[in-house]
Amino acid sequence: MKNILVTGGAGFIGSNFVRYMLNNTNYNIINYDLLTYSGNLNNLKDIKENSNYHFVHGDICDKDAVRKVFKEYSIDTVVNFAAESHVDRSIETPEIFVKTNVLGTSVLIDVAKENWKVKPNDKYDKEFIKGVKFLQVSTDEVYGSLGKEGMFTETTPLSPNSPYSASKASADMVVLAYHHTFNIPVNITRCSNNYGPYQFPEKLIPLMINNCQQGKELPVYGDGQQIRDWLYVEDHCSAIHTVLEKGKDGEIYNIGGNNEVANMDIVKLIINYLGKDESLIKHVKDRPGHDRRYSIDNTKITCELGWSPKYLFDDGIKYTIDWYVNNKEWMDDVISLNYLEYYKNMYK
Ligand code: NAD
Ligand code: DAU
């Protein structure tokens, strides 16, 4: 029986992961989340009574609170999703990204070190502690941007371009340093763009679905020819589960769907599926420093750990659009808070 601390478990990917793990394992899941603007307990309404699920409200930067949760639940595994996750917000307010994503990760792994009784590294003693693991959920954005050719592998040099990706790359370095210096068993996963239910509508797909339904303009940055490698969120969850069970200590695993799509093609697909008109598209000012293309080489996780994505984009995207259409109450609730003010400032 494992006691897994899932930080940021009330956000988009975290909540899908909590549900996935409760459905596929008998582990105890402790969801530790600050409930910032993107954290939402409505994402977990259906599983909140599950006896293997526990919610603790707290900040990953608060060391005493993290120590308390480690002791109370005898945490042996950490999956760190908690983060500020939106690139556009990082351009407006970078400091909170550094605080949460870098300091928060360093607090978490330091408390793990205290609790897991790991010793400083001795080059003659490379024994890693058994039965514990710190899994850092990182992103393909740490590798920077690609031209027309090429793919990111795990050895591609880090070259983050936004305050968001710089903070995620820094957190990765902290995690690797704790592995090297204190023998903590760690893994880092670097996934491409996720889509699916419960994503906050500041991100491309739910934003376009919501605007389309309301007959509002669809703000496409620049020429809309930027390319992302889209992966259905449940496939990301199964990949993280695979790395938890089979990942080798200290290794980094890229996760991607071999599914490169240009933004404009996604926007048109949503418009057509919802029976709206392409005149809703509005080209707006480009994102400063906008990365042009991401593409993930997932050979390592597929060949070494036997993981592969299950969902085809054509099916996953239709299921996702239907989900938002059928869960209007969820969307209305999310956008009733500070969302409209954010939207007005961002797209002014
Ligand atoms: P999200 O913004 O939907 O969720 C973030 C969660 O973290 C929220 O529940 C929020 O309340 C919580 N949180 C924020 N600050 C916190 C703090 N100080 N203490 C505790 N909890 C805090 O983000 P997401 O899209 O679900 O991304 C989750 C993770 O996956 C992030 O680390 C992100 O970098 C990474 N990632 C995301 C994608 C993607 O496509 N969305 C792809 C690859 C990696
Ligand atoms: O690649 C993984 C990353 O994917 C994650 O690490 C981030 O947490 C996640 O937010 C996502 O980053 P992106 O910047 O790629 O996602 P976003 O949904 O913000 O934008 C996707 C593309 O769509 C990007 O090229 C910008 C463009 N876009 C986005 C918005 C919100 C628009 O053209 N218009 C928009 O209004």
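This passage walks through the cores, one helix, the ligand surroundings and a few notable residues of a predicted model.

We can start with the nonpolar interior. In general, nonpolar side chains in soluble globular proteins tend to be buried together. Here the largest nonpolar core runs to 35 residues, and Leu5, Phe70, Trp116, Phe134 and Ile184 make the most contacts inside it. Two or more residues of this core come from each of β2 (28–33), α2 (63–73), α4 (94–115), α5 (163–182) and β6 (186–191). Another core, of 32 residues, lies apart from it and includes Tyr195, Ile270, Val334 and Tyr343.

Ile270 also turns up in helix α8, which spans residues 263–273. The buried residues of that helix are Asn263, Met264, Ile266, Val267, Ile270 and Ile271. They sit on the same side of α8, because the arc they cover around the axis is only 160 degrees. As a rule of thumb, an α-helix has 3.6 residues a turn, so residues three or four places apart point the same way. As for what this buried set of α8 packs against, the list takes in α6 (204–214), β8 (218–221), β9 (227–229), β12 (260–262), β13 (281–284) and α10 (313–326). Just after α8 comes Gly275, with a positive phi of about 70 degrees.

Two ligands come with the model. Ligand 1 has 28 residues around it, and those that come nearest are Asp33, Asp59, Ser85, Tyr164 and Lys168. Asp33 puts a polar side-chain atom 2.6 Å from an oxygen atom of this ligand. The backbone joins in too: a backbone N or O atom of Ile13 is 2.8 Å from an oxygen atom of ligand 1, and for Phe81 the corresponding distance is 3.0 Å.

Ligand 2 is surrounded by 24 residues, with Asp140, Tyr164, Arg287, His290 and Tyr347 the closest. Tyr164 is thus listed for ligand 1 and again for ligand 2. Two acidic side chains reach oxygen atoms of ligand 2, with a polar atom of Asp140 at 2.5 Å and one of Glu141 at 2.7 Å. From the backbone, a polar atom of Leu204 lies 2.8 Å from an oxygen atom of ligand 2.

Ile60 is worth a look as a loop residue. It belongs to the loop between β3 (53–57) and α2, yet Ile60 is buried, with a relative accessible area of 4%. Setting aside neighbours within four places in sequence, the contacts of Ile60 are Thr7, Tyr32, Val66, Asn80, Ala82, Thr100, Gly104, Thr105, Val107 and Leu108. Of these, Ala82 is 22 residues away along the chain, with its C-alpha atom 7.5 Å from that of Ile60.

Backbone angles hold a couple of oddities. Most residues other than glycine have a negative phi. Leu35, in the loop between β2 and β3, has a positive phi of about 55 degrees and is partly exposed at 29% relative accessible area. Tyr198 also has a positive phi, near 75 degrees; this residue lies in the loop between β7 (194–195) and α6 and counts as buried at 14% relative accessibility.

Finally, the cysteines: the structure holds zero disulfides. For Cys237, the closest cysteine sulfur belongs to Cys191 and is 9.4 Å away, so it is too far for a bond. Cys237 is buried at 1% relative accessibility, and Cys212 is buried at 0%.

Notes
Residues numbered from 1 in each chain as written. Chains lettered and ligands numbered in written order. Predicted model: local features only at pLDDT ≥ 70, side-chain atom pairs only at ≥ 80, totals over all residues. Heavy atoms only, no water. Buried < 20%, exposed > 50% of the residue type's maximum accessible area, 1.4 Å probe, protein only. Helix = DSSP H or I, 4+ residues; strand = E, 2+ residues; numbered from the N terminus. Arc of directions from axis to C-beta. Contact = heavy atoms within 4.5 Å. Core = buried A, V, L, I, M, F, W, Y, C linked by side-chain atoms within 4.5 Å. Disulfide = S-S within 2.5 Å. Near = heavy atom within 4 Å. Polar contact = N/O pair within 3.5 Å; in protein donor to acceptor, adjacent residues only side chain to side chain.
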